[in-house]
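Work through the exercises below with the coordinates open. Each task is followed by a solution in steps.

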Amino acid sequence: QALDALRGATGVRPLWLAASTHDGEETQCGEAHRRIAGSIPGLLTVIVPRHPARGPAIAAALAASGVSVALRSAGDLPQAGTDVYICDTMGEMGTMMRLAQIVFVGGSLVPHGGHNPIEPAQLGCAILYGPHMGNFAEITSQLDTADAAIQVAGAAGLGDAVGRLLSNPAERRRLGEAAAGVAARNAGVVDRMMTALAPLIDGGPADEAA
């Protein structure tokens, strides 16, 4: 129902999602939006901050920079004139990723170490991230090897990449399909690991079977 309401509110507007953002990234997302809004009519930027309590402060900072902001915690849905929609609520990341076809993984434009890109990959989103993905180096390497994501640098690089993908549906789909393939190859890794470890664990499945 929440997804249907959002789709009804956004219609066919071109949009992208900045997921799990940290302090210092939201202003860069706002700058990226301003860089490309003139060439992409109706552009909507959706921001899901890592810490929802920061929502009002983010909204105030972005509004001061000249963009129109709506806040989900206030019960708002994006209107025709909304430039940036801040989803400062809990438990809705999957909904927002299903709304967007392009996802920037936060914590990566600032030296935080990034966040897990598997969820947007599973949903077939075109994935962007900054240079600081050290906490998820293995999966990032797999995405890079499969040409399944785009690394960006700063607001300029982020805006250029978002604009390019919004203007090129075929490339957007290719990236999403490649990312979904990487996610599929990693499916069940915990089960496989536990099966391998079972003979070494007292009272594990292997012992019980014996």
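The exercises cover the sheet, its helices, three residues and two pockets.

The model is predicted, so local features need pLDDT of at least 70 and side-chain atom pairs count only at pLDDT 80 or more, while totals for chains, interfaces and linings use all residues. Residues are numbered from 1 along each chain as its sequence is written, and side-chain values use heavy atoms, with hydrogens and water left out.

**Exercise 1. The sheet**

Task: Determine the strand order of the sheet and identify its edge strands.

Solution. Step 1: take strands as DSSP runs of E with at least two residues, and helices as runs of H or I with at least four, both numbered from the N terminus. Step 2: call two strands paired if DSSP finds at least two bridges between them. Step 3: the result is an open sheet of seven strands with parallel pairing, in the order β3-β4-β2-β1-β5-β6-β7. Step 4: β3 (69-71) and β7 (149-151) each pair on one side only, which makes them the edge strands. Step 5: from one strand to the next, the twist averages 20 degrees.

**Exercise 2. Bridges and partners**

Task: Count the bridges between β5 and β6, between β6 and β7, and between β1 and β2, and give examples of partners.

Solution. Step 1: β5 (residues 102-105) and β6 (residues 126-129) are parallel and share four bridges. Valine 103 has isoleucine 127 of β6 as its bridge partner, and valine 105 stands opposite tyrosine 129. Step 2: β6 and β7 run parallel and are joined by three bridges; here isoleucine 127 is partnered by alanine 149 in β7. Step 3: β1 and β2, also parallel, are joined by six bridges, with alanine 19 opposite valine 48 of β2.

**Exercise 3. Helices on the sheet and strand burial**

Task: Find which strands α3 and α7 touch, and decide whether the residues of β2 and β6 are buried or exposed.

Solution. Step 1: set contact as heavy atoms within 4.5 Å. Angles run from 0 to 180 degrees between N-to-C directions, with axes being lines fitted to C-alpha atoms, for helices over the stretch in contact. Step 2: α3 (residues 55-64) packs on the sheet against β2 (44-49), β3 and β4 (84-86), and its direction makes about 170 degrees with that of β3. Step 3: α7 (residues 154-166) also packs on the sheet, touching β1 (15-21), β5, β6 and β7, at about 170 degrees to the direction of β6. Step 4: apply the accessibility classes, namely buried under 20% relative accessible area, exposed over 50%, and partly exposed in between (1.4 Å probe, protein chains only). Step 5: in β2, six of six residues are buried; Leu44, Val46 and Val48 lie on one side, and Thr45, Ile47 and Pro49 on the other. Step 6: in β6, Ala126 and Leu128 point one way and Ile127 and Tyr129 the other, and all are buried.

**Exercise 4. Three residues**

Task: Locate serine 20, aspartate 147 and arginine 50, and classify each by accessibility.

Solution. Step 1: serine 20 is in strand β1 and has a positive phi of about 55 degrees, although it is not a glycine. Its relative accessibility is 8%, so serine 20 counts as buried. Step 2: aspartate 147, in the loop between α6 (137-145) and β7, has a positive phi of about 50 degrees and is likewise not a glycine. At 44% relative accessibility, aspartate 147 is partly exposed. Step 3: arginine 50 is in the loop between β2 and α3 and, at 43%, counts as partly exposed. Apart from neighbours within four places in sequence, arginine 50 is in contact with Ser20, Thr21, His22 and His115.

**Exercise 5. Two pockets**

Task: Give the volume and the lining of the largest pocket and of the second largest pocket.

Solution. Step 1: work on a 1 Å grid over the protein atoms alone with a 1.4 Å probe; a pocket is an open set of points with protein on both sides within 12 Å along at least five of seven lines, and lining residues have an atom within 4 Å of a point. Grid points are joined across faces, edges and corners, and a volume is the space filled by probe spheres set on the points. Step 2: the largest pocket holds about 190 Å³. Its lining has 14 residues, with Arg13, Pro14, Leu15, Leu99 and Gln101 nearest the centre. Helices α1 (2-10) and α4 (93-99) each supply at least two residues of that lining. Step 3: the second largest pocket has a volume of about 150 Å³, and Ser20, Val48 and Arg50 are among its lining residues.
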